[in-house]
2 protein chains.
Amino acid sequence: MNDIADMLRAKGLKVTPQRLAIYQLLCGTTTHPSAEDIYKALMPTNPTISLATIYKTLDSFRSVGLVQELSVGNGRSNYDAAVHTHPHIVCTCCNAIQDFHLEHVEALHQEAAEKTGYVVEREQLLFYGICPACQAAGKTNCNPEPKD
Amino acid sequence: MNDIADMLRAKGLKVTPQRLAIYQLLCGTTTHPSAEDIYKALMPTNPTISLATIYKTLDSFRSVGLVQELSVGNGRSNYDAAVHTHPHIVCTCCNAIQDFHLEHVEALHQEAAEKTGYVVEREQLLFYGICPACQAAGKTNCNPEPKD
DNA sequence: TGTTAGATGATACTTATTATTATTCAATGA
DNA sequence: TCATTGAATAATAATAAGTATCATCTAACA
C-alpha cells in the first residue's frame, strides 16, 4: 500500500478513508487547522464525514504521536502533523499560527527539568505578535486586548 | 485606601468588593486557579458573587495587565496574578501548574522576532511532565495519553 | 446628596468537545 | 473469496466553558 496506510497500521490503527483524508490534509498544510476547519475542508471530497469522526481521529493520531495538539488560547484546539516539538508564533491580528525553529530548545527542556524537579515530557513554546503581512497592512494593534 | 484599591483606580477600574476579593485571592495563591476555582473559593466569604462577574473581572484585569491568562490545554483558562511573563510547568498527573524561572527568556523573545519577522508581544512557555510529588508517589505515567 | 457610567447578578445562549449507540467496514483467517 | 469480529463511523444528544443580555445596584464625582 502507500506510506500513510503502512504508518497507520504500524501504529496499530485501522486504515480508513477518513483517516487517510485527515492525515493527508494535515500533512499538506502549515495552517494548523482546528477540527472544524478540517471538517469544512474535507466536506467537498468526503461529504458524509462526521465531525465526531474528525475529533476521534485527531485524538487517536495524538495518542500514537502522529499529530500534536496546540492550545493557543483561541477556545479550540489546533493540529499540527509535525512530530517533533517546535515553537509556534500566533498573529494576534489575523490569528495565523506559524511554525518556526528556535536554537537550543533541548537546553530549555533540560533547564526546566533542573529548575523544577519535574520529569519533563514535552513543551509548548508559544509566542504572540503581529505577523509581517499584518504589519505591512498597517494593522499594528488589532487584538491588543480583546476587551478594550 | 489600600494598595490594591489604588492600583485598580490607577488602571481606570472601579473598586468593588468583588474585584478586591478576586485580586486578593489571586495574589495569595500560586495554584493558577480557573474562573470556576475562584468562584468556589470565594463562595464562603462572598455568597452572592456571580460566576459571570468572575469572568468579566478576570477579563478586565487581563485587559489592564493585572493578571495573565494561561491556556495549558485543559479546556479552561487559568489565571496568574504575576505580571511579568515567565514559564509554567504542568504536571500531567495531578494537573498542577507551577511557575518557574528560565534564564535568557528575553533572548528567546528576540530570536523569535528575528526568525519570523513578527513584532513579538508576549510568549507563553509551557512544559509538561511529572511533578516531584507524583514521582515520589510512583505515579510516573498518569496521563501519558488520555485516550489510551 | 444626587447623578451617572460602569459593575453586578441572574440567566439565557453559544460553541467546542465528548458520550452514546446503531450501523458499517477493515482486518484476519478458514 | 467469504464470514467473522472488533474497531470505526455517522448521527445526534449531552456536557461544560465561556459570553451576551438586561434589570438592578453602586462607586465615583460633582
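For the counts below, Ala, Val, Leu, Ile, Met, Phe, Trp, Tyr, Cys and Pro are taken as nonpolar, Asp, Glu, Lys and Arg as charged, and the others, Gly among them, as polar. With that in hand, the surface near DNA strand C comes out as six nonpolar, eight polar and seven charged residues. Keep in mind that this is a predicted model. Here we have chains A and B touching through 41 residues of chain B and 41 residues of chain A, with 21 residues around DNA strand C and 20 around DNA strand D.

**Chain A on its own**

- Chain A is built from six helices and five strands.
- Walk along the sequence of chain A and you get α-α-α-α-β-β-β-β-α-β-α.
- The C-alpha trace of chain A spans about 45 × 40 × 25 Å along its principal axes.

**Where chain A meets chain B**

- People often give the size of an interface as the accessible area lost when the parts come together.
- For chain B and chain A, that buried area is about 3,900 Å², with 57% of it on carbon and sulfur atoms.
- Between chain B and chain A there are 16 residue pairs in polar contact, counting pairs where both residues are at pLDDT 80 or more.
- On the chain B side, at least two residues each come from α4 (51–63), β3 (88–91), α5 (105–116), β5 (119–130) and α6 (132–136).
- β5(B) gives the largest share of the side of chain B that touches chain A, with 12 residues.
- By residue type, the side of chain B that touches chain A has 19 nonpolar, 12 polar and 10 charged residues.

**The strand pairing across the chains**

- How do β5 of chain A and β5(B) run relative to each other, parallel or antiparallel? They run antiparallel, and 11 bridges join them.
- The chain A strand in this pairing covers residues 119–130.
- Within the pairing, A:R122 stands opposite B:Y128 of β5(B).

**Salt bridges**

- Side chains of opposite charge can pair when their charged atoms come close.
- Over all chains, a search of the whole structure turns up 10 salt bridges.
- How many salt bridges cross the interface of chain B and chain A? The rule finds two.
- B:E103 pairs with A:K115, their closest N and O atoms being 3.7 Å apart.
- B:K115 and A:E103 also meet in a salt bridge, at 3.6 Å from N to O.
- B:K115 sits in helix α5 of chain B, while A:E103 is in the loop between β4 (97–99) and α5 (105–116) of chain A, so this pair joins two chains.

**Around DNA strand C**

- Which residues come nearest to DNA strand C? They are A:Y55, A:S77, B:T16, B:Q18 and B:K56.
- Of the strand C atoms within 4 Å of the protein, 73% belong to sugar or phosphate, and the rest belong to bases.
- On the phosphate side, A:R9 has a polar side-chain atom 3.3 Å from a phosphate oxygen of DNA strand C.
- B:T53 also has a side-chain N or O atom 3.0 Å from a phosphate oxygen of DNA strand C.
- For base contact, look at B:K56, where a polar side-chain atom lies 2.9 Å from a base oxygen of DNA strand C.
- Two or more residues apiece come from α4 (51–63) of chain A and from α2 (17–27) and α4 of chain B.
- The largest share of the surface near DNA strand C, four residues, is from α4(B).

**Around DNA strand D**

- The residues that come nearest to DNA strand D are A:T16, A:Q18, A:R19, B:Y55 and B:S77.
- Sugar or phosphate accounts for 71% of the strand D atoms within 4 Å of the protein, and bases for the rest.
- A:R19 puts a polar side-chain atom 2.9 Å from a phosphate oxygen of DNA strand D.
- From chain B, the side chain of B:R9 has an N or O atom 3.2 Å from a phosphate oxygen of DNA strand D.
- The base partner to check is A:K56, whose side chain has an N or O atom 2.9 Å from a base nitrogen of DNA strand D.
- At least two residues each come from α2 (17–27) and α4 of chain A and from α4 of chain B.
- α4(A) supplies the largest share of the surface near DNA strand D, with four residues.
- That surface near DNA strand D splits into five nonpolar, eight polar and seven charged residues.

How values were computed: Residues are numbered from 1 along each chain as its sequence is written. Chains are lettered from A and ligands numbered from 1 in the order in which they are written. This is a predicted model: local features need pLDDT of at least 70, side-chain atom pairs count only at pLDDT 80 or more; totals for chains, interfaces and linings use all residues. Side-chain values use heavy atoms; hydrogens and water are left out. Contact means heavy atoms within 4.5 Å. Buried area is the accessible area (1.4 Å probe) that two parts lose on being put together, summed over both. A salt bridge is a side-chain nitrogen of Lys or Arg within 4 Å of a carboxyl oxygen of Asp or Glu. A polar contact is a pair of N or O atoms within 3.5 Å; within protein, one must be able to donate a hydrogen and the other to accept it, and residues adjacent in sequence count only if both atoms are side-chain atoms. Two strands pair if DSSP finds at least two bridges between them. A residue is near a molecule or strand if one of its heavy atoms lies within 4 Å of it.
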